[in-house]
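Here is a set of short exercises to work through with the model open beside you. Try each task before you read its solution.

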Amino acid sequence: MDAPEAALSRVRLPLATATVLGAALLVHAIPAQDLLVYERGAIAQGELWRLMTGHWAHFSAGHLGANLLAFGLAGFIAEQRRERGFAWLCLVAPLAVGALLFALAPGLARYGGLSGVSLAAIAFVGVRGLFERGLWRWVCALALGVLGAKVLFELASRESLFAATLSGGAALVPEAHAAGALVGTLVAVLARSSVRNVRSPGGDAYGFESDGR
Amino acid sequence: MERTRKRPQCVALEGALRKRARLPCRSLAVLWLCASALACGQTQHQAASVVDYLYSGDVGRLEQEAIPVLRLPLRVGVAFVPSASFAEEPISEKQKIELLKQISAEFEELEFVQSIEEIPSAYLRPRGGFTNVDQLRTMFGIDVIVLLSYDQTQFTAEGWTTLSYWTLIGAYVVQGEKNDTHTMVDAAVYDIESRKLLFRAPGVSQVKGRATPINLEEELRLDSDQGFQVAAADLVTNLQTSLGEFREDVRNQRTQVQVSEKPGYTGAGRVDLLLIVAALLLAAAAPWMPRKPR
């Protein structure tokens, strides 16, 4: 068992989720946001940390709030269900999504927002759910279907299905969502090999008893 | 007590002077009534037209037809076209600024709009045409311009109660003048590069009023103001609809407009309501469905 997973097996606090949410809140609060936001020119000149920290930077309080809510919910589910690999996802997804944006969206000069990582987290939960039995598997399949349709619609139309207006002319970046969904799926599949039935003295996630099968 | 007695010659002179003094008064009354009769059916028309502004300076010049390419996010300018006549405009600068602000607020709501510039009237030349618009594009760095124009006609007619004007007092108290004010304010949205009209939205109003001949001018001015206010409110409502329709037309490719992102654009990774609802449903369902690995 690796270090982050071992920590989570002892404590049920959603540590990885809280760390990411805290980072986003901190970056939004400090005045040095310009040093952390994704800027293509600066990344090309070697400021590689922006590939990761750009996801924690947000352009308004509303932008921040919506993204924190989505990521917080997905992270909470993943950690309460003790899904292996989620801590790694929190580490890998920002870098991978940032790198994919750099490769796939050359016109994108400046970017901020956690939504790519949020989609990675939701895709991760959904794909891990497909490896389970029972009703949860079908709920996850439905969620993945909705997620896939949304990403395809955005890529085709470059419009959000339920557009949340963001002033300042910041455009929707469907590539970030597509990259997030892809990274989440890949991490979930790679983590499958180490999936084990986790039984704890207090029962399973949310206090429900696992049937142990 | 000593009394002063007028001499007979003086009495005769005084009577003659009194008769002469009545003549101008009667003449003035007749002239005034004639003027009132002439005023019957008066019409005032004032306008600032987009066609006059854009096309009358370049008579005979034909614009090449081009497909507009909107590079998002857009920088939008909003301006009132200047009137071609030198007469005093019926709409004040204050009213213009208020309307510009209202129109700007509508465009600020759109996520594909980067900035809005409210362009003062002083920067627009009467009959300036697209040459003037190109100058504005350079000066303010705009891609699209919203040109606001107006057309107002005021009719004044007299009813039968104007007969009371013969009493002179009636002219002060009887509102015999019937005013009718028709106003149209129009917003035309142009892509500057292609010179193409993207869409337009009108706002119209009709104000009816009455006045005495004494305060006719004042009432007409008040009706004019009210006409502009109502038309402006109507314009804002119609503009919201037109903006929504234009957006749908672009999305469904029902219009000859191409949309692309400007190189070097800013992007925001933002989740929408659908994603939040999906995450909420997953979070709500998860506690009832314990983990059962295969």
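The exercises below concern a predicted model, and each is followed by a worked solution.

**Exercise 1. Find what surrounds A:Thr17, and decide whether A:Thr17 is buried or exposed.**

Solution. Start with the element: A:Thr17 belongs to helix α2 of chain A, residues 15–29. Next, look for neighbours, leaving out residues up to four places away in sequence. That leaves contacts with A:Phe71, A:Gly72, A:Gly75, A:Phe76, A:Glu79 and A:Phe86. Finally, take the accessibility: the relative accessible area of A:Thr17 is 3%, and buried means under 20%, so A:Thr17 is buried.

**Exercise 2. Describe the aromatic pair of A:Phe86 and A:Phe124, then the pair of B:Tyr55 and B:Phe130.**

Solution. Begin with the whole structure, where a search over all chains gives eight aromatic pairs. One of them joins A:Phe86 and A:Phe124, with centres 5.8 Å apart and 50° between the planes, which makes the pair tilted. The two residues are 38 apart in the chain, A:Phe86 in helix α6 and A:Phe124 in helix α7 of chain A. Both A:Phe86 and A:Phe124 are buried.

Now move to chain B. The rings of B:Tyr55 and B:Phe130 are 5.9 Å apart, centre to centre, with 70° between the planes, and this pair is edge-to-face. B:Tyr55 is in helix α2 (residues 50–55) and B:Phe130 in helix α4 (residues 129–140) of chain B, so the pair ties together parts 75 residues apart in sequence. As for accessibility, B:Phe130 is buried at 1%, while B:Tyr55 is partly exposed at 35%.

As a last step, return to chain A: ring pairs link A:Phe71, A:Phe86 and A:Phe124 into a cluster.

**Exercise 3. Work out how strand β6 of chain B is paired and whether it is enclosed.**

Solution. Take one neighbour at a time. Strand β5 (residues 144–158) of chain B pairs with β6(B) in the antiparallel sense over 15 bridges. Within this pairing, B:Asp151 stands opposite B:Met184. β6(B) also pairs with strand β7 (residues 196–211) of chain B, antiparallel and over 15 bridges. Here B:His182 has B:Gln206 in β7(B) as its bridge partner.

Then look at the connection: β6(B) and β7(B) form a hairpin with four residues between them. Lastly, count the buried residues of β6(B), residues 177–191: 12 of the 15 are buried, so the strand is largely enclosed by the rest of the structure.

**Exercise 4. Locate A:Arg82 and B:Arg195, and give the sign of phi for each.**

Solution. A:Arg82 is in the loop between α5 (61–80) and α6 of chain A, and its phi is near 55°, a positive value in a residue other than glycine. With a relative accessibility of 13%, A:Arg82 counts as buried. B:Arg195 is in the loop between β6 and β7 of chain B. Its phi is also positive, about 60°, although B:Arg195 is not a glycine. With a relative accessible area of 17%, B:Arg195 is buried.

**Exercise 5. Compare the span of helix α9 of chain A with the expected span, and say what covers its buried residues.**

Solution. First the length: at 1.5 Å a residue, the 19 residues (174–192) should span 27 Å, and the end C-alpha atoms are 27 Å apart, so the two agree. Second, the buried residues of α9(A) include A:Pro174, A:His177, A:Gly184 and A:Ala191. Third, the cover includes α6 (86–104), β2 (108–112), α7 (115–130), α8 (135–157) and β3 (171–172) of chain A.

**Exercise 6. Give the strand order of the open sheet of four strands, and identify the strands at its edges.**

Solution. The order is β1(A)-β2(A)-β9(B)-β3(A), with mixed pairing. β1 (38–39) and β3 of chain A stand at the edges with a single partner strand each, so one side of each has no neighbour in the sheet. Now examine how β3(A) meets strand β9 (residues 265–268) of chain B: the two run parallel and are joined by two bridges. A:Ala171 has B:Gly267 in β9(B) as its bridge partner.

How values were computed
Residues are numbered from 1 along each chain as its sequence is written. Chains are lettered from A and ligands numbered from 1 in the order in which they are written. This is a predicted model: local features need pLDDT of at least 70, side-chain atom pairs count only at pLDDT 80 or more; totals for chains, interfaces and linings use all residues. Side-chain values use heavy atoms; hydrogens and water are left out. Buried means under 20% relative accessible area, exposed over 50%, partly exposed in between (1.4 Å probe, protein chains only). Contact means heavy atoms within 4.5 Å. Two strands pair if DSSP finds at least two bridges between them. The expected span of a helix is 1.5 Å times one less than its number of residues. Rings of Phe, Tyr and Trp (its six-membered ring) pair if their centres lie within 6.5 Å; planes under 30 degrees apart count as stacked, over 60 as edge-to-face and the rest as tilted.
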